[in-house]
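Here's a walk through one protein chain, written for someone who likes the cut-offs spelled out. We'll go from the cysteines to the cores, and then on to a pocket and a few single residues.

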Amino acid sequence: MDYTTDEQKRRWLPGFVTGELMTAIAITEPEAGSDVAGIRTAAELSEDGTHYVLNGSKAYVSGGAQADLVLVACRTAADGTDRRGGMSLLAVDTRAPGVTVDSEPATLGLRSSDIVGMTFTDVRVPLGDVVGGPGDAFACLAGIFPQERLGIAVGAYAHAAAAVRLATAFVRERTAFGKPVAAFQNTKFVLADCKVTVNALQAVVDQALEAFDAGELTAEEAAATKLYCTEAATGVLDKCLQLHGGLGFTMDHPITRLYADNRAGRIFGGTSEIMRTIVAKSMGL
């Protein structure tokens, strides 16, 4: 809605809304993860000036196996002074000659999402399929990062809250040494700490959501929210899994799936290390 032209909206948005047009975004590369400015995938103008010719590889494309249209971040111009300059977003038809979808890797969690690699070999992309204008990729991506990171933070909070509910129900039913596990002081204290952390997570998420709704969520605050929520949720998940004992180490229980799925939050959407860098920079450090 923000970066497409009226003509592009007419072509893509109806199918996007109905689900008939599946989309994905390809940013990460085998040698460029959180460092978006380090991407090497490039596109050059064709000799007749009607297309870009795209070459390169992308990694960890969420939804890439099902996508009909992939937004590919690539270099369309050299800029020796600004690593973020000269980057564009090309909307690539996955049926176009030269587009190859690699096999899905076996992931620790989020097993239902098709996370794939993609290779582009002399793929011709019409000039009318540039999203946001040539050279505007980084500005477009920077504009959506806060919302993406807020979404990840909300997911981390939800994981932690669900883990506390599961663990609380389990320790009430599970017995050890002739009494429910919930009767032991250690169990009570662990779950009390987890509950307090979940309350804090909700407060942080609610504050960020209010700022986002008001159009005031900054990149720095989004980074801080993602950093706190994903890191804190990991601690809650670990404690709640521990309370399940051996059952927590089997893939048959929801707590195990939550533990595995939650771990991705500290990596995708910008690693925790990148979030710390953003927050520190906002502090003048």
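## Cysteines without partners

Cys229 counts as buried, with 0% relative accessibility (buried is under 20% relative accessible area, exposed over 50%, partly exposed in between, using a 1.4 Å probe and protein chains only). This is a predicted model, so local features need pLDDT of at least 70 and side-chain atom pairs count only at pLDDT 80 or more, while totals for chains, interfaces and linings use all residues. Residues are numbered from 1 along each chain as its sequence is written, and side-chain values use heavy atoms, with hydrogens and water left out.

Why is Cys229 not bonded to Cys194? The closest cysteine sulfur to that of Cys229 is the one in Cys194, and at 15 Å it's too far for a bond. In fact, searching the whole structure turns up 0 disulfides (a disulfide being a pair of cysteine sulfur atoms within 2.5 Å). Cys240 isn't in a disulfide either: its nearest cysteine sulfur, again that of Cys194, sits 4.2 Å away. Cys240 is also buried, at 0% relative accessibility.

## Two nonpolar cores

Which residues touch the most other members of the largest nonpolar core? Ala160 and Cys240 do, in a set of 27 residues. A nonpolar core here is a set of buried Ala, Val, Leu, Ile, Met, Phe, Trp, Tyr and Cys residues joined through side-chain atoms within 4.5 Å. Helix H2 (137–173), helix H3 (185–213), helix H4 (219–243) and H5 each put in at least two residues, and H2 gives the largest share, 10 residues. Helices (H or I, at least four residues) and strands (E, at least two) are DSSP runs, numbered from the N terminus.

Ignoring neighbours within four places in sequence, Cys240 is in contact with Ala163, Val164, Ala167, Leu191, Cys194 and Ile255 (contact means heavy atoms within 4.5 Å). There's a second, separate core too, with 20 residues including Val70, Cys74, Val92 and Val123. As general background, nonpolar side chains tend to be buried together in soluble globular proteins.

## Helix H5 and the second largest pocket

Back to H5: Ile255, Thr256, Leu258, Ala260, Asp261 and Asn262 are buried there. H2 and H4 are among what covers those buried residues.

H5 (residues 254–262) also supplies the largest share of the lining of the second largest pocket, at 3 residues. That pocket has a volume of about 160 Å³, and its lining is made up of Leu108, Leu241, Gly248, Phe249, Met251, Thr256, Tyr259 and Ala260. By type, the lining has 6 nonpolar residues, 2 polar and no charged (Ala, Val, Leu, Ile, Met, Phe, Trp, Tyr, Cys and Pro count as nonpolar, Asp, Glu, Lys and Arg as charged, and the others, Gly among them, as polar).

The geometry runs on a 1 Å grid over the protein atoms alone: a cavity is a set of points where a 1.4 Å probe fits but cannot get out, while a pocket is an open set with protein on both sides within 12 Å along at least five of seven lines, and lining residues have an atom within 4 Å of a point. Points are joined across faces, edges and corners, and the volume is the space filled by probe spheres set on them.

## Three residues up close

Leu108, one of the lining residues, lies in the loop between strand S6 (99–101) and S7. Is Leu108 buried or exposed? Leu108 is exposed, at 61% relative accessible area. Beyond four places in sequence, Leu108 touches Ala260 and Arg263. Its C-alpha is 8.5 Å from that of Ala264, although the two are 156 residues apart in sequence.

Phe120 is in strand S7 (residues 115–126) and is buried, at 2%. Its C-alpha and that of Ser57 are 6.1 Å apart, with their positions 63 residues apart along the chain. Phe120 has contacts that include Leu54, Val72 and Val92. Thr225, in helix H4, is buried at 6% and touches Ala153, Val204 and Ala208, leaving aside neighbours within four places.

## The chain overall

The chain has 6 helices and 10 strands, and its C-alpha trace spans about 80 × 45 × 35 Å along the principal axes. Of its 285 residues, 41% count as buried.
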